[in-house]
Amino acid sequence: MSQTAQNPLPGVPPIESPLFENWVASADLSPEEEQVARDLNENGFAVIDFPVDNFDAMADATIADLVKEPQFADIAEMGSGKPGKPGGRLTNHTDNDNVRAIAANGKILDLLSKIYGRRAFPFQTLNFAMGTQQHYHSDSNHFSSVPERFMVGVWVALEDIGPDQGPVIYYPGTHKWPILYYDEIGLAVGKVAKRKTQDIFHDAWEAMVDVSGIEPAYFTAKKGQALIWAANLLHGGSAQADATKTRWSQVTHYYFDDCMYCVPMRSNPRMNRMFVREGVTDIASGKVVENRYYGRPAAEELPAPPTISSAIRYKVDRYLRRRKLKRYAGKLAS
């Protein structure tokens, strides 16, 4: 029997699939792996202990290296009650052995690959010394895939994190909501007015949360606990009540093989406009991962870009129409 016959929805991650129960009944999962899969399917997140021996020593060594970085200079000066500055981060600090080892942990890769049905690879790391205090959001708006939802985040605590240290906030079950693009919120790509970041979605997310009645949860973590979340789960950073305490942590974002990697905040697939990420690199191997679509290079499936002549005709046509010379503009099409 073919893979498609066994799973009529191969373009949907198993943990997101309406056929989840059929899949999990035949999947070769340990009890622990099945629990992670069920938690992700139902709630959009799962909590595990990070699978490495002597994680405390690794975490301590990671912090000792990170605190030397310029982004965390104010953290290095903290002491005697002096506050730090929440929100700072260090992106893709993967020349650090421990940061890379956390991102490329083999057991995490095996787990994610099994429950998503495709090989997982890490493509981005973020290291934090304090809470982000970032408004809740969906990662799917920042980086997604075709097929959708083949992206997952893993956040691990490098120290104990209590309620006054700005713990991660998340909204269980919101991973099942639609991924928002510009047209759902009444905007065309390129016409974002004054708000050019995820802020443009805040009103919609707040309204959806309010109507749903979903209450937020807070991940107060012990050192070495990890939070896995599905691509579209609403999550963010809660307010850091005590700025004299750190909140050392690492997030790794993972993609999966045989996908096209895209940025929804710069895309409108319904209008045949897709911003494709080039140069996505597998942190574990150091190799660039090709954008693919069901075994073929994605470039073969995308529409050809306009020729130079057609682009010039468009610009001249627009100029003539603005100058109210419409009688000449139509001739450019011939």
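Q: How many salt bridges does a search of the whole structure find?
A: In this predicted model, the search of the whole structure finds 11 salt bridges.

Q: Why is the contact of Glu21 and Arg38 called a salt bridge?
A: A side-chain nitrogen of Arg must lie within 4 Å of a carboxyl oxygen of Glu. For Glu21 and Arg38 the N to O value is 2.8 Å, so the pair meets the criterion. Glu21 belongs to helix H2 (residues 20–26) and Arg38 to helix H3 (residues 31–43), so the salt bridge ties together parts that are 17 residues apart in sequence.

Q: What makes Glu21 and Arg38 count as buried, partly exposed or exposed?
A: Partly exposed residues fall between the limits of 20% and 50% relative accessible area. Glu21 has 46% and Arg38 has 28%, so both count as partly exposed.

Q: Why is the contact of Arg119 with Asp282 called a salt bridge?
A: The side chains meet at 3.3 Å, N to O, and the cut-off is within 4 Å, so the term applies. Arg119 is in the loop between helix H7 (106–116) and strand E3 (120–128), and Asp282 is in the loop between E11 and strand E12 (292–293), so this pair ties together parts 163 residues apart in sequence.

Q: Why are Arg119 and Asp282 placed in their accessibility classes?
A: Arg119, at 38% relative accessibility, counts as partly exposed. Asp282 has 4%, and buried means under 20%, so Asp282 counts as buried.

Q: How do you know that Asp164 and Lys245 form a salt bridge?
A: Their closest N and O atoms are 2.9 Å apart, which satisfies the limit of within 4 Å, so the pair qualifies. Asp164 lies in the loop between E5 and strand E6 (168–170) and Lys245 in the loop between strand E9 (235–237) and E10, so parts 81 residues apart in sequence are tied together.

Q: What makes the phi of Asn92 a point to note?
A: Phi of Asn92 is near 50 degrees, a positive value in a residue other than glycine. Asn92 lies in the loop between strand E2 (89–91) and helix H6 (97–103).

Q: What is the class make-up of the lining of the largest cavity?
A: The lining has six nonpolar, four polar and no charged residues. Among the lining residues are Trp177, Pro178 and Leu180, which count as nonpolar because Trp, Pro and Leu belong to that class. Ser138 and Asn141 also line the cavity, and they count as polar because Ser and Asn are in neither the nonpolar nor the charged list.

Conventions: Residues numbered from 1 in each chain as written. Predicted model: local features only at pLDDT ≥ 70, side-chain atom pairs only at ≥ 80, totals over all residues. Heavy atoms only, no water. 1 Å grid on protein atoms, 1.4 Å probe; cavity = no way out; pocket = protein on both sides within 12 Å on 5 of 7 lines; lining within 4 Å. Helix = DSSP H or I, 4+ residues; strand = E, 2+ residues; numbered from the N terminus. Buried < 20%, exposed > 50% of the residue type's maximum accessible area, 1.4 Å probe, protein only.
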